[in-house]
Amino acid sequence: MSTSDGPAKKTIKDAAHETAVEPDTEGKIQKQDKGSGGSIILFFIFGVFASLILGWIIFPKLLYVKKKQPIDFNHAFHITQVDNGCESCHFFREDGTFSGVPKLDQCIDCHEEIQGVDRNEIKFVEDYVSKYRQVPWLIYSKQPNCVFFSHAAHIKGARMDCVTCHGHIGESTSLKVYEQNRITGYSRDIWGKNIAGFKKNPWDRMKMDDCAECHQRDAADIEKTNIKSPEHRYIDNIIKVFSPSSLSLEKGDSVQTQKDACFVCHK
Amino acid sequence: MKIGRREFLSFVIGGAAGTALSPLPWKLMDDSSIWTQMWPWTPVPENGEASYVNSVCTLCPGRCGITVRKIDDRAVKIEGMKKYPVNDGGLCLLGLSGLQLLYGPTRIKGPLKRSGKRGQGDWERISWKEAISEIVEKLGELREKGRPQSVGAISGSDRGTVPRLLERLLTAYGSPNFFRMASVRDSYELTLDIMQGVQALPGFDFENADFILSFGSDILEGWGSPVQMMRVNSAWKSAGVKVIQIEPRLSNTAAKSDKWIPINPGTEAALAMGLAHVIIKELLYDNGFISADTSRFDDWKQLVIDEYSPDSVAAVTGIDAGTIVVLARRFANASKPMAICGRGDGTHPVSLTECMAVHALNALTGNINKKGGIFAVSDPDYIHWPEIEMDSTAAVGMQHDRLDGAGSRKYPHSRYLLNRLPESILSKALYPLEALFIADANPLYTLTDTQDTGKAFEKIPLVVSFSSFMDETARHADLILPNHVYLERYEDVPMPFGMLQQAVGLARPVVEPQLDTRHVGDVIIETAKGLGGSVATSFPWKTYYLCLKETLGEKWQAMVVNGFWSGSKSIDQALKTSFDTASGKFEFVDPNTGLKPQFKPVQIKGDERQFPLLLMPYDSIRLAHGYIGDPPFMVKTVEDIVLKHNDVFVEVNPKTARAAGLNDGQRALLGTPLGTAKVRVRLFEGIMPGIVALPRGLGHTAYDDYLAGKGINVNTLIGPVEDPDSGMNAAWGIRAKLSKI
């Protein structure tokens, strides 16, 4: 406690000094106070605005680097040419894994020769098909290596539609610009176009909370699947760590590995 | 308006407030946490279609079947192939780390021509066309001058189409100098040739044997086919089969055996003879077999009775007479006893008489060519090529004696004696070697007395290496014509040493060639075509692939589907070769030379007074010491009591260390007649006093930073000792001294 005595005394002394000076130069100080008060507020507002502009407008521009897809693919056209909707090209392999973005082998059947006069078509056949070079597509929804995600569980198991997560990309006639986060390397689509993280549609953003949103949509689901929101789980885990006896873990279970805990999705 | 301190602070506070209201801090926090979860420099396997390719691992002589998991075009994991006759799903450390050899930086990227001095490491990239025409030109020149015999080739193996093509090239060209890397296989081949009259490999029916007497064969350290032996050993444990391990050092095999009997190094043959003495004297042998199926037993019996009584053997081996008697009785009374030899992992031969002495024990118990015993397994006869066309130059060349003396009057039975080649070159006794091709071998590292080998190589004007890696031999070559790595090429792979089954596996490309390499089979065919004349007509194939497919004929389809082709499955039918000697019986004594199983001490190098200790190399499953060195994954598994930083430990008994005034972990100087090396001392109760043990597989000077410069290559300290009966290198060690630094 003794260490705090020094500064405390000094503060009192400073205050006494200020009060002593005040009567002598009252008018001047008052005038100055008025002017400086205004400018202080002004600068405060400047500061607020500048940082808001920086944070909301400049920062997102700096954070993302814009990249063009190697070829401007027309989903809307291709979907009219195939029989099986999205799964014609984005199919499940025999072992249940999801093929993702098509490889050249799937395109070659139709595109061995140049079809039509489209610039993209010519580029595709000349630069990639004839040289058998895979197209380095930029993948908007690339899964990070640190999580498990099974398309089969969602599409085959839960019978979900592609649109639910991917939106109406199948109806697009050209590919949008790929905005890559300079720090994480991810596409902007993961965080969402809106820098504040607001979204209108489920597919506008695809972070962990967005998975949880669906998985905890109604109470019945929670009962059925025992999946809770991340916050719930976080609190649950804290309870489990600090008071493990309050829970009846089965043999071999730990906070991280039991059903629906972190390691279900995270590697 | 004046901007003072207060205004500035106000601006900063406003900025802070505004920043808090903007997404900037929250987004940055989120992004940086994601970044830390996924460091961009962490290698992440690509997502893609998973597939599996069956092939055969040819990194060591073990020859296991492998199943390689691929994601799209990239191999990501090597596993043992299920149902493959050798390993049935198992795989060793080296096999598992094979991808580091495929994708690692030690690979040679394309044909290279030496541009500086030899061994300096200055290379010039050349095209394949230039590389092959260089060889063709040199070979053509030698042939024109009438010296085709001065061309030689060293191959890791002599079985399968690739080594046979290389040998064929030499024969058609006119040189008898095809050499194979030596191993205990040579000793066994000679033994079976002399005692049973067959050109065959031994096949051990380990699954059905019930008593194993191992004369220093490290079953768990890589002897035979390592993965097969691991499986066999586990089966023995559950079936209660007794394993008796005889060697001077407590190896892993000795530690896991039922009984470890330490023996004076190099005296294993004496013990075998001592056991024979007890078995014969106590009439414990299989009388039916001995009288009906063997010849000259009495000649040998006399020698055994006269010279190898338990007491005299005890004096030589250091094992007490009582133990010898009990061991002999246990061996003879077991229903399927088997005696095997080949020190360590069997990469070096043993003397012919030693191998014969051990094999004679199997004959005494009649455990030959029957269930639970040893069979003579001939190579599956599937390579039927047209006769080699030989012009007069080739015929004259082939008349010359081999440079290594194999097949000469002195060593009539031996087929290859690579250990004698360096001396033959240096002594200039016959004729010079003017060009040498090396495939699947690294003789400058693996031959004992690397210094002499190096000097001999200096005398050869053209050394051509087919190595895929910058190993010691490739470094000292003039031309490197890199072969595809085993995961990129086709090759037929006969079953390894020790297997009963007559089968051939198919190694096939798992991935496309990653670099500008070429199959050595193709290079041989192209070279032959380049030479023209009868050499070219001896090679009627366009490519190696076509040659292989044509050679395998009907078997090809089975091999593509199953990964291997298997001959007759019944041991009794296919493998029961009757004795093919002149007498039609098992010969205890070679009728031509009078050679019999006996103990002939190998005269190892060094003066006992100057070098009071014995240096013995030892093998470890974690140290590859053949053509392929340890890949980085494997180096990581070497314990720090074997290798610490760059220092290798020698194992020394505490008594010996005390006498030399050395403590555990202390640095010392290990000297042999061949040289000295700095080592560290590890006190180990499991080694007999007076012996210093050094692991094989370290001390590389080539390859990469993960392997080079670590420890000592034991071959720099040990020299070959010629076995007077076979010419093979029978050195099991060398005299040595250990002194403080």
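Two strands pair if DSSP finds at least two bridges between them. Helices (H or I, at least four residues) and strands (E, at least two) are themselves DSSP runs, numbered from the N terminus. With that in hand, welcome to a few exercises.

This is a predicted model, in which local features need pLDDT of at least 70 and side-chain atom pairs count only at pLDDT 80 or more, while totals for chains, interfaces and linings use all residues. Residues are numbered from 1 along each chain as its sequence is written, and chains are lettered from A and ligands numbered from 1 in the order in which they are written.

**Exercise 1. Find how strand E19 of chain B is joined to E20(B).**

Step 1. Start with the pair: E19 (residues 503-507) of chain B runs antiparallel to E20(B), and three bridges join them.
Step 2. Look for facing residues: Ala503(B) is opposite Ser566(B) of E20(B).
Step 3. Widen the view to an open, antiparallel sheet of three strands, ordered E18-E19-E20 in chain B. Its edge strands, E18 (491-494) and E20 (564-566) of chain B, each pair on one side only.
Step 4. On average, neighbouring strands here are turned by 20° against each other, direction ignored. Such angles run from 0 to 180 degrees between N-to-C directions, and axes are lines fitted to C-alpha atoms, for helices over the stretch in contact.
Step 5. Add the helix: H24 (residues 555-562) of chain B lies across E19 and E20 of chain B and runs at about 125° to E20(B).

**Exercise 2. Work out which strands stand at the edges of the sheet E1-E2-E3 in chain B.**

Step 1. The order E1-E2-E3 (chain B) describes an open sheet of three strands with antiparallel pairing.
Step 2. E1 (50-56) and E3 (74-80) of chain B are at the edges; each has a single partner strand, so one side of each lacks a neighbour in the sheet.
Step 3. The average turn between neighbouring strands of this sheet is 30°, direction ignored.
Step 4. E2 (residues 65-71) of chain B pairs with E3(B) over six bridges in the antiparallel sense. Within that pairing, Thr67(B) faces Glu79(B) of E3(B).

**Exercise 3. Describe how H6(B) is oriented to H21(B).**

Step 1. The axes of H6 (residues 161-173) and H21 (residues 520-531) of chain B come within 9 Å and cross at roughly 15°.
Step 2. H6(B) is therefore roughly parallel to H21(B); angles under 35 degrees count as roughly parallel, over 145 as roughly antiparallel, 65 to 115 as roughly perpendicular and the rest as oblique.
Step 3. Residues that meet include Leu165(B) and Leu169(B) in H6(B), and Ile524(B) and Ala528(B) in H21(B). Contact is counted if C-beta atoms, placed from the backbone, lie within 7 Å.
Step 4. The contact of H6(B) with H21(B) has ten nonpolar, three polar and no charged residues. Ala, Val, Leu, Ile, Met, Phe, Trp, Tyr, Cys and Pro count as nonpolar, Asp, Glu, Lys and Arg as charged, and the others, Gly among them, as polar.

**Exercise 4. Identify the helix that gives the most to the side of chain A that touches chain B.**

Step 1. Between the chains, 30 residues of chain A are in contact with 28 residues of chain B.
Step 2. Helix H2 (residues 26-63) of chain A gives the most to this side of chain A, with 17 residues.
Step 3. By class, the side of chain A that touches chain B has 17 nonpolar, eleven polar and two charged residues.

Note on methods:
Contact = placed C-beta atoms within 7 Å.
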